[in-house]
Protein chains: 2
Amino acid sequence: MTNTRVTLASRPNGMIKPTDFKIVQEDLPELKDGEVLVKQVYMSLDPAMRGWLDEDEGSYMPPVRIGETMRSFGIGIVEASNNSAFTVGTRVNGMFGWSEHYITTGEDLVPLPEDVPLEHFMGLLGLPGATAYHGFMELIDTPKAGETVLISGAAGSVGSLVGQIAKAEGLKVIGVTGSDEKKEWLLNELGFDAVINYKTENLEEMVAKYAPDGIDRHFENVGGKVLEVALDNMKIGGKITLCGLISTYNDTEPSVGPHLVRAIARRLTLKGLVIIDQQHRFGEIFEKLSAYAQKGQIKYRLDIEEGLKQAPEAINKLFDGTNQGKLVIRI
Amino acid sequence: MTNTRVTLASRPNGMIKPTDFKIVQEDLPELKDGEVLVKQVYMSLDPAMRGWLDEDEGSYMPPVRIGETMRSFGIGIVEASNNSAFTVGTRVNGMFGWSEHYITTGEDLVPLPEDVPLEHFMGLLGLPGATAYHGFMELIDTPKAGETVLISGAAGSVGSLVGQIAKAEGLKVIGVTGSDEKKEWLLNELGFDAVINYKTENLEEMVAKYAPDGIDRHFENVGGKVLEVALDNMKIGGKITLCGLISTYNDTEPSVGPHLVRAIARRLTLKGLVIIDQQHRFGEIFEKLSAYAQKGQIKYRLDIEEGLKQAPEAINKLFDGTNQGKLVIRI
């Protein structure tokens with residue numbers, strides 16, 4: 001029995017070239033005791049794969065090695081089994097890779113229910129569904145009816161689900177996509193409140209138009225310009241799910257500025273701080289600080305300039321780094 | 001009785017010039033009924049002031065207007081009072097601005113305890129103390145002993161307190177600063193575990209050396225290069241407090257890439273998502289998704305390519321945006 005699989009031949013530089021892969025034909029070995037043979041039926045292609053092709057220890061999975069079968073998630077049917085836990089015909093999912101067949105001892109297989117069309121496990125009941133639900137409904141906090149959400153990559157496998165979940169939960173949903181066909185689909189079929197084709201419309205103007213009071217939540221699949229516009233239009237206390245930054249995945253040079261792609265791979269939380277919000281709690285906070293000071297755990301120094309008229313000159317010490325300690329004017 | 005105050009004469013372009021301000025001498029008006037006259041003693045100069053000088057509605061406070069007294073936080077003593085709530089000699093803080101004297105009806109004055117040296121309210125028991133404590137101990141979640149924290153602007157009024165609080169709480173503390181004098185102070189006086197002078201040392205190499213297993217928390221006062229290096233060295237699940245991005249405040253052009261300064265002014269939360277972390281909860285999540293689908297609230301479409309050998313070509317549809325729906329290969 002022969003099998004076809006696809007291995008990584010070379011690491012892509014920028015966009016993936018078909019020649020970065022190699023098609024391998026091989027005879028399948030005999031099944032050993034305890035092993036299961038899966039025939040893959042649907043194989044998922046996902047943006048995160050681009051990261052697996054780079055020699056970069058910063059991703060959340062190790063890179064695919066040269067000569068190794070390309071990694072992927074898929075759905076299949078057990079075609080032969082020497083393992084009593086899996087009967088022939090069982091539907092399963094797993095990381096089968098770019099291969100027609102997959103041999104395993106079974107620990108990495110997840111059996112699937114029989115009463116759902118198989119292709120559902122590629123979408124709603126697969127990684128896109130889980131990503132959309134968890135990323136929108138659970139990751140930060142629970143969205144509330146009446147809030148406004150902006151979604152980039154809105155017609156994508158995750159974005160289209162986030163938008164529909166948000167509509168079902170009573171939010172106002174604004175999508176950003178890259179073609180009029182996708183825009184029509186999101187508006188007319190999926191019921192988005194507004195959709196912006198960023199290739200033909202002015203993103204800043206349209207976001208300001210559709211969300212005049214600002215955005216409560218942003219679900220980011222794309223990055224780049226749309227994240228800039230989202231940040232510029234967030235309400236105070238807004239929440240951003242960093243799910244994907246697909247616009248940057250094929251970059252051959254590191255992007256300028258903070259590499260937020262790290263925030264995805266490392267599951268980081270970044271939070272902005274404005275201390276005046278806590279003014280009502282200063283008494284409580286100062287008690288805690290005084291306790292450190294009483295134990296001799298905190299020292300502090302002031303950089304004192306004399307006289308109000310020094311202020312216009314002295315303020316630049318903050319920016320050229322020449323102040324030593326908290327900069328204050330004594331009047 | 002005369003007063004001296006400093007008003008904004010013109011909006012700075014880049015670094016602040018002394019000529020952007022104007023010194024005004026004036027007679028103080030008679031105190032009306034209910035009013036209080038404060039003599040300012042210590043006036044705080046803070047990096048956030050740079051943002052108040054820009055004509056940018058994106059800040060957390062309105063811009064200071066041309067001709068208006070420059071805004072600032074200060075400590076003073078009640079010098080005269082027609083308000084029974086404030087006796088002469090009471091110590092108070094408030095937003096007095098760049099002015100020797102301040103007249104108010106008193107609602108915006110906070111009386112201060114008498115048993116602490118006055119200058120303490122400029123530091124430990126002032127905005128820097130509150131910012132350091134809340135931003136490090138409370139904003140995201142409570143730091144744990146044994147964690148590693150990286151602090152930029154470590155010798156600054158907030159950074160120096162964050163580092164000492166972190167030491168008191170049992171963390172490993174790495175500071176980044178810009179002079180050897182500050183480095184010595186942080187190491188020898190404040191007890192930081194390691195300090196990097198970013199002007200003379202290689203930041204990437206030193207962070208990797210002092211935090212070989214990565215950083216649990218990062219307290220950001222500066223932005224730019226140090227935030228890049230921090231992101232590159234965060235552990236999975238790491239937490240970043242965005243307190244200041246002082247390196248960008250004097251930029252005359254918007255920075256390239258996402259404007260994280262918005263995350264501060266708007267108190268945003270950004271959180272990275274990797275869905276495989278939730279694999280043990282997929283059953284629960286899929287039940288919720290199925291409930292939407294049963295109510296007809298969710299539609300989904302697949303973009304199906306036929307045959308394993310199409311994969312190396314088809315994967316680029318994800319990046320040029322030509323796929324319509326979830327991209328899968330049917331084998």
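Visitor: How far apart are the centres of domain 1 and domain 2 of chain A?
Guide: In this predicted model, the two centres, taken over C-alpha atoms, are separated by 30 Å.

Visitor: How many residues from each domain take part in the contact?
Guide: Domain 1 of chain A gives 11 residues, and domain 2 of chain A gives nine residues.

Visitor: Where do the domains of chain A sit in the sequence?
Guide: The domain assignment puts domain 1 at 2-121, domain 2 at 127-272 and domain 3 at 276-330.

Visitor: Back to domains 1 and 2. What area is buried between them in chain A?
Guide: About 890 Å² is buried there. Carbon and sulfur atoms give 58% of that area.

Visitor: And how many salt bridges between the two?
Guide: Zero salt bridges are counted between domain 1 and domain 2 of chain A. The count of residue pairs in polar contact, both at pLDDT 80 or more, is also zero.

Visitor: What kinds of residues are on domain 1's side?
Guide: The side of domain 1 of chain A that touches domain 2 has five nonpolar, four polar and two charged residues.

Visitor: New topic: chain B. Which strand of chain B does β12 of chain A join?
Guide: Strand β12 of chain A (residues 234-242) joins β13 of chain B (residues 269-272) through four bridges. These strands run parallel. A:Lys239 has B:Thr269 as its bridge partner.

Visitor: What about β13 of chain A: parallel or antiparallel to β13(B)?
Guide: Antiparallel, with three bridges between the strands.

Visitor: Which residue stands opposite A:Leu270 there?
Guide: B:Leu270, in β13(B), stands opposite A:Leu270.

Conventions:
Residues are numbered from 1 along each chain as its sequence is written. Chains are lettered from A and ligands numbered from 1 in the order in which they are written. This is a predicted model: local features need pLDDT of at least 70, side-chain atom pairs count only at pLDDT 80 or more; totals for chains, interfaces and linings use all residues. Side-chain values use heavy atoms; hydrogens and water are left out. Domain bounds come from an automatic or database domain assignment. Contact means heavy atoms within 4.5 Å. Buried area is the accessible area (1.4 Å probe) that two parts lose on being put together, summed over both. A salt bridge is a side-chain nitrogen of Lys or Arg within 4 Å of a carboxyl oxygen of Asp or Glu. A polar contact is a pair of N or O atoms within 3.5 Å; within protein, one must be able to donate a hydrogen and the other to accept it, and residues adjacent in sequence count only if both atoms are side-chain atoms. Ala, Val, Leu, Ile, Met, Phe, Trp, Tyr, Cys and Pro count as nonpolar, Asp, Glu, Lys and Arg as charged, and the others, Gly among them, as polar. Two strands pair if DSSP finds at least two bridges between them. Helices (H or I, at least four residues) and strands (E, at least two) are DSSP runs, numbered from the N terminus.
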